[in-house]
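Subject: Structure for you to look at

Hi,

Here is the structure I said I would pass on. Have a look at it first, then read my notes underneath.

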Amino acid sequence: MHTQNPDGYLSAAEIPLSRLYLYMAGVFFTAALVWVYNLMNYSVFKIHWLMAALAFTKSTSLVFHSINYYFINTEGHPIEGWAVMYYITHLLKGALLFITLALIGTGWAFVKYILSDKEKKIFMIVIPLQVLANVAYIIIESTEEGSSEYYVWKEILFLVDLICCGAILFPVVWSIRHLQEASSTDGKAAMNLEKLKLFRHYYVMIVCYIYFTRIIAILLKITMPFRWQWCYEFLVEVSTLIFFVLTGYKFRPASNNPYLQLPQDEDDVENDEVVTESGALEGISKVKKTSNGRERQKESTL
């Protein structure tokens, strides 16, 4: 049974959360609109629209989260319809985030256009695990903190989330290997080295984001006075916003972005569409001009 304090049913640490989530929803929605406005002015990849969908989904999830906390504070319990809408958008946001990170990490659309078998396996493992992690989070949200189930699901959430975060880094590492190999073999060293540098920056960004939201922010939460515990959620949301903005800036659809510069001639277009089995040029397609047109010959490298 919930007891009401003078400001509502929530604790002093949780009362600011409703307004916090609403304000952050507005910020994410504004960022999404700015991103879409930029997309309208350039030719873009499909993944750019996926990034827009992620930002809008994140904003919608925060709106429902805010409404959920508002009713818990005023009524003493969540309204089922609003809670369900929050859980659905939260699940969708979690899946979209990891799909987007994995696709950018594999270099899909930017470096190559088809996923290799190993990369597809990463998706088949990471996405169901991420859904499980979100389900665990939802169960934790709706379970009393003192119950034994609460701590079991909390441990499951932490373990699964850690596995997902680790697995999501593999495609980035593969892409770095792929670009290192390509920079010394295909004659476009400058362009590939530029892409490699950006991939390394992105790798560092993901690691920093994961460390901050999973470890540093939690340590700050433990050391903060009880009344300021909501600052943990604020730090997580702000770090997520910064991560989204930096990712958008790095992969913005601008003509002067070295990561998205188009090849100069048809040979480069053909060579850019090379797809490898492991991300390290195990099998490359080579284009050769003949008197009758173009002929593709496949050569396997050891």
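Below is what I found, going from the overall layout to single residues.

Before anything else, keep in mind that this is a predicted model.

**Overall layout**

The protein chain has 8 helices and 2 strands. Read from the N terminus, the order is α-α-α-α-α-α-α-α-β-β, so you meet the helices before the strands. Of the 302 residues in the chain, 44% are buried. If you take the contacts between residues at least 6 apart in sequence, 68% of them join residues at least 24 apart.

**What the record says**

The unreviewed UniProt entry annotates "transmembrane region" over residues 20–37, 49–72, 84–110, 122–140, 152–174, 202–222 and 234–251. I looked at two of those spans in the model. Residues 152–174 are 100% helix and 0% strand, with 34 Å between the end C-alpha atoms. Residues 234–251 come out at 94% helix and 0% strand, and there the end C-alpha atoms are 26 Å apart.

**H1 and what it packs on**

Helix H1 covers residues 17–39, which is 23 residues. From first C-alpha to last it reaches 32 Å, close to the 33 Å expected at 1.5 Å a residue. Its buried residues are Leu17, Ser18, Leu20, Tyr21, Met24, Ala25, Phe28, Ala32, Trp35 and Leu39. As background for reading that list, an α-helix has 3.6 residues a turn, so residues three or four places apart point the same way.

Which helices do the buried residues of H1 pack against? They pack against H2 (46–75) and H7 (230–250).

Ser66 is a good place to zoom in. This residue belongs to helix H2 and counts as buried because its relative accessibility is 4%. Leaving out neighbours within four places in sequence, Ser66 is in contact with Ser18, Tyr21 and Leu22. A polar atom of the Ser66 side chain also lies 2.6 Å from the backbone oxygen of Ser18. Ser18 and Tyr21 are both on the buried list for H1.

Phe28, another of the buried H1 residues, has a charge over its ring: the charged end of Lys58 sits there, 5.5 Å from the ring centre.

**H2 to H3, and on to H4**

Ile79 is in the loop between H2 and H3. With a relative accessible area of 30%, Ile79 is partly exposed. Its C-alpha is 7.0 Å from that of Asn68, and the two residues are 11 apart along the chain.

H3 itself has 26 residues and reaches 37 Å between its first and last C-alpha atoms, close to the expected 38 Å at 1.5 Å a residue. Just after H3 comes Gly107, with a positive phi of about 80 degrees.

Over in helix H4 (residues 117–141) you will find Val131, which is partly exposed at a relative accessible area of 34%. Val131 and Gly94 are 37 residues apart in sequence, but C-alpha to C-alpha they are 7.2 Å apart.

**Aromatic pairs**

How many aromatic pairs does the structure hold? There are 12. I picked out two.

Phe64 and Trp82 make a tilted pair, with 5.9 Å centre to centre and 40 degrees between the planes. Phe64 is in helix H2 and Trp82 in helix H3 (residues 80–105), so to speak a link between distant parts of the chain, 18 residues apart. Phe64 counts as buried because its relative accessibility is 11%, whereas Trp82, at 34%, counts as partly exposed.

Tyr202 and Phe243 form a stacked pair, 6.4 Å centre to centre with 25 degrees between the planes. Tyr202 lies in helix H6 (residues 189–223) and Phe243 in helix H7, so this pair ties together parts that are 41 residues apart in sequence. Tyr202 is buried, with 0% relative accessibility, and Phe243 is buried too, at 5%.

What do ring pairs link Tyr202 and Phe243 into? They belong to a cluster that also takes in Tyr209 and Phe251.

One last ring to check is Tyr249: the charged end of Arg252 sits over it, 4.2 Å from the ring centre.

Cheers

How values were computed. Residues numbered from 1 in each chain as written. Predicted model: local features only at pLDDT ≥ 70, side-chain atom pairs only at ≥ 80, totals over all residues. Heavy atoms only, no water. Expected span 1.5 Å × (residues − 1). Buried < 20%, exposed > 50% of the residue type's maximum accessible area, 1.4 Å probe, protein only. Contact = heavy atoms within 4.5 Å. Phe/Tyr/Trp six-rings, centres within 6.5 Å; stacked < 30°, edge-to-face > 60°. Lys NZ or Arg CZ within 6 Å of the ring centre and 35° of its normal. UniProt positions renumbered as here; feature names shortened; annotations may be inferred. Polar contact = N/O pair within 3.5 Å; in protein donor to acceptor, adjacent residues only side chain to side chain.
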